[in-house]
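Open the model in your viewer and keep the sequence beside it. This tour goes from stop to stop. At each one, select what is named and look at what is there.

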Amino acid sequence: MKLTAEISCYPLQDNYLDPILWFIDRLDSYDNIERKTNAMATQVCGEYGDVMAMLATEMQAAHEKWGKAVFVCKFIGGELDLSHTQ
């Protein structure tokens, strides 16, 4: 089953951009997951287990490297066209 997720990262520090860019770069290391980023959030799509495992791994890595951060996620079962615009 496919899963599409939208994730936003809010590092609780003055230098917030570096942790966000670091997190997005890490998401790109997963060949089996599609990623699109806009000014507000990052969307990812892939197999359900792969997406959930990636998010668990990378959110933990972000907390360990950068400290406190808030992650806000939305999930929808199925594959959405991440290139869709209106």
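Two strands pair if DSSP finds at least two bridges between them. Helices (H or I, at least four residues) and strands (E, at least two) are DSSP runs, numbered from the N terminus. This is a predicted model, in which local features need pLDDT of at least 70 and side-chain atom pairs count only at pLDDT 80 or more, while totals for chains, interfaces and linings use all residues. Residues are numbered from 1 along each chain as its sequence is written, and side-chain values use heavy atoms, with hydrogens and water left out.

**The whole chain**

Colour by secondary structure. The protein chain shows 2 helices and 4 strands. Starting at the N terminus, their order is β-α-β-β-α-β.

Now zoom out. Along the principal axes, the C-alpha atoms fill a box of roughly 35 × 30 × 20 Å. The radius of gyration (taken over C-alpha atoms) is 13 Å; the globule rule is 2.2 Å times the number of residues to the power 0.38. For 86 residues, that puts a compact globule near 12 Å, so the chain agrees with the rule.

Turn on the surface. The accessible area is about 5500 Å², and 53% of this belongs to carbon and sulfur atoms. Such areas come from the Shrake-Rupley method with a 1.4 Å probe; for residues, only the protein chains shown count as cover. Buried means under 20% relative accessible area, exposed over 50%, and partly exposed in between. Of the 86 residues, 33% count as buried.

Contact means heavy atoms within 4.5 Å. Among contacts between residues at least 6 apart in sequence, 71% join residues at least 24 apart.

**Strand β3 and its partners**

Select residues 42-47, which make up strand β3. How many of its 6 residues are buried? The count is 5, so β3 is largely enclosed by the rest of the structure.

Add residues 2-11, strand β1. β1 and β3 pair in the antiparallel sense over 6 bridges. Pick out lysine 2: its bridge partner in β3 is glutamate 47.

Then add residues 34-37, strand β2. β2 also pairs with β3 in the antiparallel sense, over 4 bridges. Arginine 35 stands opposite valine 44 of β3. Threonine 37 stands opposite threonine 42 of β3. Follow the backbone from β2 to β3: a hairpin of 4 residues joins them.

**Helix α1**

Which residues of α1 are buried? Select Pro19, Trp22, Phe23, Ile24 and Leu27. Their cover includes β1, β2, β3, α2 and β4.

Move to arginine 26, also in helix α1. Arginine 26 has a relative accessible area of 31%, so it is partly exposed. Leaving aside neighbours within four places in sequence, arginine 26 is in contact with Glu58 and Ala61. Check the C-alpha distance to alanine 61: 9.6 Å, across 35 residues of sequence.

**The aromatic pairs**

Show the rings. Rings of Phe, Tyr and Trp (its six-membered ring) pair if their centres lie within 6.5 Å; planes under 30 degrees apart count as stacked, over 60 as edge-to-face and the rest as tilted. The structure holds 2 aromatic pairs.

Select tryptophan 22 and tryptophan 66. This pair is edge-to-face, with 6.1 Å from centre to centre and 70° between the planes. Tryptophan 22 is in helix α1 (residues 17-27) and tryptophan 66 in helix α2 (residues 48-66), so the pair ties together parts 44 residues apart in sequence. Tryptophan 66 has 26% relative accessibility and so counts as partly exposed.

Next, select phenylalanine 23 and phenylalanine 71. Their ring centres are 5.2 Å apart and their planes stand at 50°, so this pair is tilted. Phenylalanine 23 belongs to helix α1 and phenylalanine 71 to strand β4 (residues 69-77), 48 residues apart. Both phenylalanines are buried.

Return to tryptophan 66 and show lysine 65. Lysine 65 lies over the face of the ring, 5.2 Å from the ring centre. A charge sits over a ring if NZ of Lys or CZ of Arg is within 6 Å of the ring centre and within 35 degrees of the ring normal.

**Last stop: leucine 82**

Select leucine 82, in the segment after β4. Is leucine 82 buried or exposed? Its relative accessibility is 14%, so leucine 82 counts as buried. Not counting residues up to four places away in sequence, leucine 82 touches Thr4, Glu34, Lys36, Gln43, Val44 and Cys45. The C-alpha atoms of leucine 82 and threonine 4 are separated by 8.8 Å, though these positions lie 78 residues apart along the chain.

Key: Buried < 20%, exposed > 50% of the residue type's maximum accessible area, 1.4 Å probe, protein only.
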